[in-house]
Amino acid sequence: MELQGLPMTETKTAPGLFKRNPPIAGEAEAIERAKAGDAEAFSKLYALHKRRVYTLCLRMLGNVSEAEDMTQEAFLHLFRKIGSFRGESAFSTWLHRLTVNLVLMHLRKKGLQLVSLEETINPSEEDSPKRDFGSRDTQLAGSVDRVALERAVAALPPGYRMVFVLHDVEGFEHNEIAVMLECSTGNSKSQLHKARLKLRELLRESEPTAQTDLKEAAL
Amino acid sequence: MTLNNSRSAPLSCAEFQEQLPDLFAAGGNSSIEDPQIAEHLKSCENCSALVRDLQYIADQAKQLLKPTHEPSDNVWKKIQEGLAADPSYAAGPGES
């Protein structure tokens, strides 16, 4: 099977991805053994990577059952294609790219538009981030923990969430995302910016009452 | 990053914020070359706080790369079933 936007031979990795995905102890040996058909080695690769693949699927799909199905698909696909992995990029980067493309293909089959043109040009009042031309407020820096950020990302509209997860979390470049999502690079940049604006809004709303107190004190 | 116009009038907040997607894509604060953009960022407290917040969010996102969720044991069981049912399993993994 040829995945859309993903030639199953290895592609050149985006700069920085090796740094973000350093090799794991015992991984290289397991890959070579798995290539030779060693079932135990494949089991080891699953144990090493299942959490990251599943977390990626869950973030992209927002649904446990679908995320488990796609995790299963990703590892079955991995087994079939592992012979084409040459080690020119980090194994996890290669596996994540494979997973992302399987998930996107799954979403396309469901008829979902991955980057909503509507959302880009004419965002709904409810979903669109508010412009920030005048108001002053306290800063987010230092106040956001991982749980709050995870919750805010889950609350993003799907189009924004997809680009944010691919770019800011997974480290893909805009030109790669544009190919994956079949949109322009400009559209990817714009969606990412809107996603961050929306996150800022969500994170500010979820902050403790300190800001409210400050605003009230200023009145 | 350079703004594509030759005006020397100060930028409004709206004009500045329109440049932000490209500014961040080019590398954020460190990539600002346009004097109008740099001047606005220096003089506007609100836009400067916005840029700091957006940069902070992008930086914090990296910590989400570390996985937090675990698939159920059922996933591995189904993978094993899938492999057993795959004719190529007995012959070893594919190359294409």
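The paragraphs below lead from the two chains as wholes to one enclosed helix and then to one pair of packed helices.

The structure is a predicted model, and a good way to begin is with its chains. Chain A contains eleven helices and zero strands, so that a reader who starts at the N terminus meets the elements α-α-α-α-α-α-α-α-α-α-α. Chain B, for its part, comes to six helices and zero strands, and along its sequence the pattern reads α-α-α-α-α-α.

The next topic is burial, together with the contacts that join distant parts of a sequence. Of the 219 residues in chain A, 41% are buried, while in chain B, which has 96 residues, 25% count as buried. If one takes the contacts in chain A whose partners have a separation of 6 or more, 73% of them are between residues 24 or more positions apart. In chain B, among contacts between residues at least 6 apart in sequence, 61% join residues at least 24 apart.

With that picture in mind, one can turn to helix H9 of chain A, which spans residues 174-181. Six of its eight residues are buried, and therefore this helix is largely enclosed by the rest of the structure. The buried residues of H9(A) are His174(A), Glu176(A), Ile177(A), Ala178(A), Met180(A) and Leu181(A). What lies over these buried residues? The cover of H9(A) includes, from chain A, helix H5 (91-109), helix H8 (158-169) and H10, and it also includes helix H2 (20-25) of chain B. After H9(A) comes Glu182(A), a residue whose phi is positive, near 55 degrees.

Helix H10 of chain A, one of the elements that cover H9(A), also takes part in a packed pair. Helix H7 (residues 146-154) of chain A packs with helix H10 (residues 185-206) of chain A at an angle of about 125 degrees, and the two axes are 9 Å apart. Because of that angle, H7(A) is oblique to H10(A), a class that applies here because the angle is neither in the range of 65 to 115 degrees, which counts as roughly perpendicular, nor over 145, which counts as roughly antiparallel. The crossing of these two helices, H7(A) and H10(A), is right-handed.

Which residues bring H7(A) and H10(A) together? From H7(A) come Ala148(A), Ala152(A) and Val153(A), and they meet Leu199(A), Leu202(A), Leu203(A) and Ser206(A) in H10(A). Sorted by class, the residues in this contact of H7(A) with H10(A) are six nonpolar and one polar, with no charged residues.

Technical notes. Residues are numbered from 1 along each chain as its sequence is written. Chains are lettered from A and ligands numbered from 1 in the order in which they are written. This is a predicted model: local features need pLDDT of at least 70, side-chain atom pairs count only at pLDDT 80 or more; totals for chains, interfaces and linings use all residues. Axes are lines fitted to C-alpha atoms, for helices over the stretch in contact, and angles run from 0 to 180 degrees between N-to-C directions. Helices (H or I, at least four residues) and strands (E, at least two) are DSSP runs, numbered from the N terminus. Angles under 35 degrees count as roughly parallel, over 145 as roughly antiparallel, 65 to 115 as roughly perpendicular and the rest as oblique. A crossing is left-handed if the near helix is turned anticlockwise from the far one by less than a right angle, and right-handed if clockwise. Two residues are in contact if their C-beta atoms, placed from the backbone, lie within 7 Å. Ala, Val, Leu, Ile, Met, Phe, Trp, Tyr, Cys and Pro count as nonpolar, Asp, Glu, Lys and Arg as charged, and the others, Gly among them, as polar. A residue is buried if 20 or more other C-beta atoms lie within 10 Å of its own, exposed if 12 or fewer, and partly exposed in between; C-beta atoms are placed from the backbone.
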